[in-house]
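Thanks for coming. I will take a few minutes to walk through one structure, so please have it open in front of you.

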Amino acid sequence: MALIQTIVTRNEADLALVNIQFHLESGVDHIVLTDHQSTDGLRDHLSPFIDQGVLTYLRQETPGFYQSKWVSDMADMARIDLGARWVINTDSDEFWVAKNGKPLKSAFKMRPFTNVLRAKRHDFICPEQNHPSFWETMIYRKVKSTNSLGDALPDKIAHRCAPNLTIHAGNHDISGYPIKRPRSGLLEVLHFPIRSEAQFKQKIIQGTQSLTQAPDIKLGIGQTWRQQYTELNKTGKLNYITENILTADQIRTGLADGSLVKDTRLRDKMVSLSPEQNALARIQPSESPPHMTCPLYTPDAAHPPTPTPHCRSLV
């Protein structure tokens, strides 16, 4: 069973590298990544993955943010060019795991009547003194995760491949099946939206501006970005940052009152990598990729990665 991952990212090279390492080590067979106008050297950092044939790199130069179209197109590529049976649709700050510590692929096997798997998201808080390698110190998550509007985080989806599917903006839903047969409770998403104050403010500014440059996108799409962009322009700060970047005392209080729990699944996976793998995952955007002397990960010998044209520039 071929399990393919899609990612849309922009100026998050350090985060994307951790995401790619994590999911390949977790059992994803190939990653299709769309780079939306990044200027942080992402393409160069991805070269080891592209050269090994485990990542297909696509470049989008249009200023507008057309996530639904791009993700739907990548899902079609996964089905047609890579022989995918299932696709998980992710952002760079989302890390998919099977519940109860099982292998990721276990959630997708023996599901003949299911075509959509819904995954609950868990937001991790950012310590006030966060480490540049965020996964080393971001090990506490909320018991109840909400967005900046105070609403419960909507699930993310993985889907069984079929023609004529449309993944909706945000990767929260899908249409195009004659009958949609979803299932929940098998997968979770570890979500790391805030890794520093500067990073999150830049994400809101960059994301909202790209939405405004896509005039045919409905105003209801990206509502949390738009609301926070307005708040940031009016006040120069964001309540969502105040609520999610916590001091050591606030973390201790959250653990004591049950609003936070410790969750080291991402850290444990990253610590288990070889020194060469870990070195790549720690690259900062301003650095150059190291010379790799051994494989980044060990693919299943019975299911080697499918050779593909790995780099394309799209307009």
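**A buried strand and some salt bridges**

Let me start with one residue: Glu-188 is buried, at 10% relative accessibility. This is a predicted model, so that value, like the others I will give, is computed from predicted coordinates. Glu-188 has a salt-bridge partner, Arg-265, and their closest N and O atoms are 2.8 Å apart. Arg-265 belongs to helix α9, residues 265-271, and Glu-188 to strand β12, residues 182-191, so this salt bridge ties together parts 77 residues apart in sequence. Unlike Glu-188, which is buried, Arg-265 counts as partly exposed, at 28%.

Now the chain in general. It has 315 residues, and 51% of them are buried. There are 10 helices and 15 strands. If we take contacts between residues at least 6 apart in sequence, 77% of them join residues at least 24 apart. The exposed area is about 14,200 Å², with carbon and sulfur atoms supplying 53% of it.

Next, please find strand β2, residues 30-36. How many of its residues are buried? Seven of the seven, so the strand is largely enclosed by the rest of the structure. In a regular strand, side chains alternate between the two faces of the sheet. Here both faces are covered: His-30, Val-32, Thr-34 and His-36 are buried on one side, and Ile-31, Leu-33 and Asp-35 on the other.

What does β2 pair with? One partner is β1, residues 3-9, which is parallel to β2 and joined to it over six bridges; in that pairing Gln-5 stands opposite Ile-31. Another is β3, residues 55-60, also parallel and joined by six bridges, where Thr-56 stands opposite Val-32. Between β1 and β2 comes helix α1, residues 13-26, and the three make a right-handed β-α-β unit.

Back to salt bridges, of which the structure holds 17. One of them involves β2: the side chains of Asp-35 and Arg-59 meet at 3.0 Å, N to O. Asp-35 is in β2 and Arg-59 in β3, 24 residues apart, so to speak of distant parts of the chain is fair. Asp-35 is buried, with a relative accessible area of 1%, and Arg-59 is buried too, at 17%.

For a contrast, look at Lys-180 and Asp-173, whose side chains meet in a salt bridge at 2.8 Å, N to O. Lys-180 is partly exposed at 33%, and Asp-173 is partly exposed at 23%.

Methods. Residues are numbered from 1 along each chain as its sequence is written. This is a predicted model: local features need pLDDT of at least 70, side-chain atom pairs count only at pLDDT 80 or more; totals for chains, interfaces and linings use all residues. Side-chain values use heavy atoms; hydrogens and water are left out. Buried means under 20% relative accessible area, exposed over 50%, partly exposed in between (1.4 Å probe, protein chains only). Helices (H or I, at least four residues) and strands (E, at least two) are DSSP runs, numbered from the N terminus. Two strands pair if DSSP finds at least two bridges between them. A crossover is right-handed if, with the strands pointing away from the viewer, the path from the first strand over the helix to the second runs clockwise. Contact means heavy atoms within 4.5 Å. Accessible areas come from the Shrake-Rupley method with a 1.4 Å probe; for residues, only the protein chains shown count as cover. A salt bridge is a side-chain nitrogen of Lys or Arg within 4 Å of a carboxyl oxygen of Asp or Glu.
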